[in-house]
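Here are some exercises to work through with the structure open beside you. Try each task yourself before you read its solution.

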Amino acid sequence: MVKAREDIPRRQDGSIDTRSWTRTLTEKHGHVDADRVLGACEFVRSLPHRGELYLENGMELAGLVADLKMDTSSVIAALAYRPVRAEESSIAEMEAVFGADVAHLLEDVTRMATASILEMTNARLHTSERRDQVENVRHMLIALIDDARVAVLKLAERVVALRTAKNSSEDRKQRIAREAHLIFAPLANRLGVWQLKWELEDLSLRYLVPDVYVAIAKQLDGRRGERERRVAEIVDSLEGQLRSQGVDATVTGRAKHIYSIWRKMQTKKVGIQQVHDVRAVRVLVDSIAQCYAALGVIHTQWRHIPSEFDDYIAAPKENGYRSIHTAVLGPDGLTLEVQIRTREMHQEAELGVCAHWAYKEKDSEDRPFAEKLNWLRQVVELGNESLSATYGHEDFGAELQQLFDEERIFVYTPAGHVVDLTSGATPLDFAYRVHTEIGHRCRGALVNGHPAALNSRLETGQQVEILTAEEGGPNRSWIEPLLGFVHTSRARQKIHDWFRSRDVAVNVEDGQNLLGDLLGDLGVAAPPPHVWENVARELDLPGVTEIFSAVGAGDLPVVDVIDLLFPENVESPQLSLIPEPEATAPAICRLEVESPDRDGLLLDIATLLSEEEIPLLANWGRVDRDSGCATITLEIPFPGFRALAGIVEQLKCVEGVTQARRVS
């Protein structure tokens, strides 16, 4: 059954008694710092809007987090989550009041919330597409987690949201229940946070199929608490019987929750009376021989149900799962399921591939996520000792980086569809991933609602919106490798295909213009015909026309042509294509950049040069008051014509830059 919300102590005037609540919490959980928690309570209460309501909600979440043996920072983050989520308080304020650790937790949990998972799982898609979307959302959530405490906080927050949803509209109840069923209950299962898993599953069933939930609840013999007490008595009894027969075993038990009973009824197509594992115990031993010894003790002590016996040790399942399953009539005459396995088998079963997540370990793309989940689970299982001592929050990321090399990122459209891309992808990659025509007509992008360069790198959890023209095609610069507009092979191939499909004459003209413009920007004269013929021979092309055609079609990067026109290490005199004095390399050169004036323009330019390892020797500039146009002159060591061509082309891609050229 679903756990009822605990009463919150109140004063005579009806306000929350924070001292009494904090005292009760810290007496129950001695590892929690009472003074810090009380201070957090008073801070939340003092918020000008809905402070008392935020506090009540936060106390329920904090109590749940403390029950999971989380540290003091996690409890404080739970108390402060709602006002931060509602933007009544900022992350910066949280850091100033509670410190960097609490702020870090709040920032990451809030970041998961802004992913609009409700919309993603509610997208109108075909069945196959919907399955892909759910899997992408799951992957995205895992990618967002760099601290195991964040995962637990998010799961606990969803439990509280489901508890309070009973007073919400039917549509909201359905949406958050589907989200819990598809996303968060499987995550809790994979991390081994059973308390949250069971409640997430039961609450989702309560809202999604209320008549079934109520019917099963009525048929269960006794309340959940009573069933759990009976199971605890059976565990004690069974451990004693096994010990008396020389079997060293660890026995754990639980009363089946409503969702798992319903699942068994669905799978076996039976009524609740035929479900033999409403209560279950698990026996862990050191060896296979002890597995069968324990089975003998259990079948001798209680009458077993023959139809409910499976030996997955003798005949493992296809996925490698091993265990003995049996069902018996317990000491009270009621059915009891028993699982018997070695501790090694248990570790394999618990940390292996989870069916809910459809991981295929042979698939190299999914392996990092399986590894990350296993790592997160190990940290969660270590409990408070790990969270507060073994790992400081600053160590989580470093530890995780060693175990998880993130190969995919997950971003989403304004409509809530999750799109997976390779790490390093750009908004232009995203556009082509959504649809080829959207890529071709892409003219700009908004990332989280703000303008972003088409060659900027995307990160997991971002929302990307592509701005398109009504007609037109891609820009030739998109496939210049140095400019970094596309990272994925899909986008690059689509752009190449578009240019190759054009008439040869168009590509020839565009290629000639591209090279002519770049030579002008480099401050050198156009080469004579015989020089172009030498370049064609070096490229093994029939003639000059084919050079221009290859450049226009994107098959030949412009910097490769520049490299042949201005070879830096020439051993053979005939390869020195440009006659003196143009080919003489100056020690220093000056570049002139024009752009509408804006904050950060010079910083962006300096950053670009730094990334290319080009020292900025000097710079000066002016702004035209009438037009607002800034002209910046940069003085740099001459890096060679090929490198200079790349720098000039990259400068043109800096936000706002309209011109970049060499002036001396």
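Helices (H or I, at least four residues) and strands (E, at least two) are DSSP runs, numbered from the N terminus. This is a predicted model, in which local features need pLDDT of at least 70 and side-chain atom pairs count only at pLDDT 80 or more, while totals for chains, interfaces and linings use all residues. Residues are numbered from 1 along each chain as its sequence is written, and side-chain values use heavy atoms, with hydrogens and water left out.

**Exercise 1. Find D540 and describe its backbone and its surroundings.**

Step 1: Go to the loop between α24 (529-538) and α25 (544-553), where D540 lies.
Step 2: Look at the backbone: D540 is not a glycine, yet its phi is positive, at about 60°. Most residues other than glycine have a negative phi.
Step 3: Check the surface. D540 has a relative accessible area of 70%, so it is exposed (buried means under 20% relative accessible area, exposed over 50%, partly exposed in between, with a 1.4 Å probe and protein chains only).

**Exercise 2. Do the same for E87.**

Step 1: E87 sits in the loop between α4 (72-85) and α5 (91-98).
Step 2: Its phi is positive too, at about 65°, although E87 is not a glycine.
Step 3: With a relative accessible area of 72%, E87 is exposed.

**Exercise 3. Work out which strands stand at the edges of the sheet.**

Step 1: Write down the strand order, β12-β13-β11-β14, for this open sheet of 4 strands with antiparallel pairing. Two strands pair if DSSP finds at least two bridges between them.
Step 2: β12 (618-623) and β14 (659-662) each have a single partner strand, so one side of each is left without a neighbour in the sheet.
Step 3: Follow one pairing: β11 (residues 588-596) and β14 are antiparallel over 4 bridges, and E594 has Q659 of β14 as its bridge partner.

**Exercise 4. Describe how α3 and α9 cross.**

Step 1: The axes of α3 (residues 51-67) and α9 (residues 148-164) come within 9 Å and cross at roughly 130°. Axes are lines fitted to C-alpha atoms, for helices over the stretch in contact, and angles run from 0 to 180 degrees between N-to-C directions.
Step 2: The two helices, α3 and α9, are therefore oblique to each other (angles under 35 degrees count as roughly parallel, over 145 as roughly antiparallel, 65 to 115 as roughly perpendicular and the rest as oblique).
Step 3: Find the contact (heavy atoms within 4.5 Å): among its residues are L61 and L64 of α3 and V159 and R163 of α9.
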